[in-house]
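Q: Take me through the central part of this fold in close detail. Start with how its pieces pair, then say what sits around them.

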Amino acid sequence: MKIPSEYYSQGGIPPDVLDTVGRVIAEFEREYTLNLNDVVAESMGSENQGVVFQYRPLNKSGATDPRVYINTDYNFDNLRFALKRNFEGGVLSERTIDELVRHELAHALTFQGVPLNRLNAFNAELNEEFVRGVSLYSDRLRDGAEAIAEAFTKLERGESVPEEAKLLVERLIYRWRKK
Ligand SMILES: [Zn+2]
């Protein structure tokens, strides 16, 4: 996965962030079978100014098109401060930009291989299996996929998570680990 070179010349996203995204995806692809079409730099609008990265399984036409998006409206001057504040406050599991990217890739693996006509039902099932107590962020959203991605980050650092969250990570993410 290469970051399109025009993102470097367009500005908005610092080159070191683009480098990090490209490097982390390449590292992840050595560890996991990852089917990701592209990385897209996109304006997410005023209501999403706090979003840095986002994984989406579908494109605007509703077709399967898994990509990671980088928000060109995000103020990247704040990124390291926001990470520190959210991590130290227990809001997010992620401590580094690398871990933020890997969180999105955890979403990609969670939804990877789910047929388009099963996507909504699959997401509803994840929400039924929601596990409390992984991070404040996933608890606030009560979102099953977020609890899994947040648990994935903690498990990668060797930290403990509720047993049910660990089982979900094993079932939905580790299944894509390369032997
Ligand atoms: Zn997430």
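A: Two strands pair if DSSP finds at least two bridges between them. Strands themselves are DSSP runs of E with at least two residues; helices are runs of H or I with at least four, and both are numbered from the N terminus. The model is predicted, so local features need pLDDT of at least 70 and side-chain atom pairs count only at pLDDT 80 or more, while totals for chains, interfaces and linings use all residues. Residue numbers start from 1 along each chain as its sequence is written.

Now the sheet. Its 3 strands form an open sheet in the order β1-β3-β2, and the pairing is mixed. The edges belong to β1 and β2, each of which pairs on one side only. Neighbouring strands are turned by 30° against each other on average, direction ignored. Helix α4 packs on this sheet and touches β2 and β3; its direction makes about 15° with that of β2. Such axes are lines fitted to C-alpha atoms (for helices, over the stretch in contact), and angles run from 0 to 180 degrees between N-to-C directions.

Take the two pairings in turn. β1 and β3 run parallel, joined by 5 bridges. One register point is Val40, whose bridge partner in β3 is Tyr69. On the other side, β2 (residues 53-58) runs antiparallel to β3, again with 5 bridges. Here Tyr55 stands opposite Val68 of β3. Arg56 faces Arg67, also in β3. β2 and β3 form a hairpin with 5 residues between them. In that turn, Gly62 has a positive phi of about 85°.

Next comes the helix that packs against β1 and β3. The buried residues of α2 make contacts with β1 (38-42), β3 (64-71) and α4 (97-111). A contact means that two C-beta atoms, placed from the backbone, lie within 7 Å. α2 covers residues 15-31, 17 residues in total. From first C-alpha to last, α2 reaches 25 Å, close to the expected 24 Å. That expectation is 1.5 Å times one less than the number of residues. Val17, Val21, Val24, Ile25 and Phe28 are the buried residues of α2. Down the axis of α2 they fall within an arc of 100°, so they line one face of the helix. The arc is taken from the directions that lead from the helix axis to the C-beta atoms. Pro15, Asp16, Ala26 and Arg30, on the other side of α2, are exposed. Burial goes by other C-beta atoms within 10 Å of a residue's own: 20 or more is buried, 12 or fewer is exposed, and in between is partly exposed.

Now the wider setting. The protein has 8 helices and 3 strands. From the N terminus on, the order is α-α-β-β-β-α-α-α-α-α-α. The C-alpha trace spans about 45 × 35 × 35 Å along its principal axes. Of the 179 residues, 30% are buried. Among contacts between residues at least 6 apart in sequence, 62% join residues at least 24 apart.

Two sites outside the sheet round off the picture. Most residues other than glycine have a negative phi. Arg142 has a positive phi of about 50° although it is not a glycine. Arg142 lies in the loop between α6 (136-141) and α7 (144-156). Arg142 is exposed because it has 11 other C-beta atoms within 10 Å. The second site is Lys166, in helix α8 (residues 163-172). Lys166 has 18 C-beta neighbours inside 10 Å, so it counts as partly exposed. Setting aside residues up to four places away in sequence, Lys166 touches Ala151, Leu155 and Val161. The C-alpha atoms of Lys166 and Phe152 are separated by 7.8 Å, with the two residues 14 apart along the chain.
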